[in-house]
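Biologist: I'd love a close look at one spot in this model, and then a walk outwards from there. Could you take me through it?

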Amino acid sequence: MTKTNLDALINSLEGIETITDSAQVAKLSQDYHTFSPVLVPKLEGKVGDIVVRPANEAEVLKIAAACAKYRVPITVRGAGTGNYGQCVPLHGGVILDMTRMQEILWVKPGVARVEAGVKLAALDKKTREIGWEIRMAPSTYRTATIGGFIAGGSGGIGSIQYGLLAERGNILALRVVTVEDQPRAIALRGDDVQKVNHAWGINGIITEVEIPLGPAYPWAEVIVTFDQFMTAAKFGQALGNADGMIKKLISVFASQIPQYFHALQEYIPEGTHPVFLIIAESSLEFLPGLVQQYGGQITYRKPAEEAAKGIHLAEFGWNHTTLLARSVDTGITYLQSMFPGKHSLQLIEQMYHHFGDEVMMHLEFFRVNGVVVPGALQLVRYTTEERLNEIIRYHEEHGVSIANPHTYIIEDGGRKVIDPEQLKFKEIVDPYGLMNPGKSKIIQFQIPNSTGD
């Protein structure tokens, strides 16, 4: 942005919170792409020119109009807990920080409607007052916003019961502001929400979200340990397949990983492979029999009445595992893998033995199209980008699907291609290509030569 452009933009946003301090702007231009040693040099120095924090949808509309007028790129940000550089601006411009929009509009049995900046933990606390809870959340649920989760996330704690965000029925409605000369607020319901879901903020500005809720079960937390990794994995699959048992988390870790779980090491004998569980207390009666069947040992129990106290197993699984490992050893990075089909456990065993200590196996079980499948967030001892690509290639050549977390390009990550319906919707809501430009191979951003006057 030229100084003239920037000054004109700031003047047009009078009354809206604006941040121009370079240190603050740089901080709010980042996310957790630092998990990837490949992304760090590629995104170094990528910062916005200004941060704007709207307090309501009317202010969002005003910001969108100004960005369209001056042809200024706009990158929407929640809490910045994503891992792929989704909210790192490649072409400067406006960082649109949505964290002031925290109103919980209403909560009813089975459904809630909120502004996009509401934190998932705050919403969960509110819905539990009437006996309901959010269906799923990332391990960063204490700080993550619901708008950011929908734009950049895919599933998490609770997905073993309800599937991923993309499953029909897990998002009921969205309200989205367009970036046009005369911005509009568009209401999307039903299947139309997929035009914006997991689109990395290129398809409009999410201002409101309506989601279904699940019954708020009393959740107990359990650690089970096994002498063999594949026995732990088979136990996880069997528990996932037990439809009568209500689960929220099934995390399986190879024995190298618990060294990074300092707060829990006394419950995990050295050399064993732990499985972390969050399970409804009403289902606990059936757990010991299944544990015995697979030769495991229950080493830790936390009843639901103590759920609010101390350690939470939810903050050791999913990508918090990577965060905890990197807090000890920054030479560790990670992969995201799907092991499809009826031979998934055989593939897991093959990868586990082939890579050994270089790729430490970490499984999460969840539902895809009604079927319980194991995904992996393996910890990788990083050496070079070439070796990392070799590891990815070996997985893919053997039928393992990799959602590559070492790229900021949508098509090169888990998506491979952009949904044609999302492309059609983008043409409508972002005619100048100003939203998070540079994150797609086929959507190109042309830096404007004029101020748009």
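Leaving aside its neighbours within four places in sequence, which residues is Leu388 in contact with?

Modeller: Happy to! This is a predicted model, so local features need pLDDT of at least 70 and side-chain atom pairs count only at pLDDT 80 or more, while totals for chains, interfaces and linings use all residues. Residues are numbered from 1 along each chain as its sequence is written, and side-chain values use heavy atoms, with hydrogens and water left out.

With those sequence neighbours set aside, Leu388 touches Val38, Leu335, Val380, Tyr382 and His406, where contact means heavy atoms within 4.5 Å. Leu388 belongs to helix H12, residues 385-397; helices (H or I, at least four residues) and strands (E, at least two) are DSSP runs, numbered from the N terminus. Leu388 has a relative accessibility of 2% and therefore counts as buried (buried is under 20% relative accessible area, exposed over 50%, partly exposed in between, with a 1.4 Å probe and protein chains only). One of its partners, Val38, is 350 residues away along the chain, yet the two C-alpha atoms are separated by 9.3 Å.

Asn5 offers another pair to look at: Asn5 and Thr34 are 29 residues apart in sequence, with 31 Å from C-alpha to C-alpha. Asn5 sits in helix H1 and is buried, at 8% relative accessible area.

That brings us to helix packing. Two packed helices are described by the angle between their axes and the distance between the axes. Axes here are lines fitted to C-alpha atoms, for helices over the stretch in contact, and angles run from 0 to 180 degrees between N-to-C directions. H1 (residues 3-12) packs on H4 (residues 57-70) at about 155°, with the axes 10 Å apart, and H1 and H4 are therefore roughly antiparallel. The classes are roughly parallel under 35 degrees, roughly antiparallel over 145, roughly perpendicular from 65 to 115, and oblique for the rest. The crossing of H1 and H4 is right-handed (the near helix is turned clockwise from the far one by less than a right angle; anticlockwise would be left-handed). Asn5, Ala8, Leu9 and Ser12 of H1 meet Lys62, Ala66, Cys67 and Tyr70 of H4. By class, the contact of H1 with H4 has five nonpolar, two polar and one charged residue, with Ala, Val, Leu, Ile, Met, Phe, Trp, Tyr, Cys and Pro counted as nonpolar, Asp, Glu, Lys and Arg as charged, and the others, Gly among them, as polar.

Helices H8 (229-241) and H11 (344-355) pack at about 155° too, with axes 11 Å apart. That makes H8 roughly antiparallel to H11, and the crossing is right-handed. Phe229, Met230, Ala233, Lys234 and Gln237 of H8 meet Ser344, Leu345, Ile348, Glu349 and Tyr352 of H11.

Finally, the rings: the whole structure has 15 aromatic pairs. Rings of Phe, Tyr and Trp (its six-membered ring) pair if their centres lie within 6.5 Å, and planes under 30 degrees apart count as stacked, over 60 as edge-to-face and the rest as tilted. Tyr84 and Trp200 have ring centres 5.8 Å apart and planes at 15°, so this pair is stacked. Tyr84 lies in the loop between strands E3 and E4, and Trp200 in the loop between E9 and E10, 116 residues apart. Tyr84 is buried at 12%, and Trp200 counts as buried at 8%. Tyr267 and Tyr300 are edge-to-face, 4.7 Å centre to centre with 65° between the planes. Here Tyr267 counts as partly exposed at 24%, whereas Tyr300 is buried at 10%.
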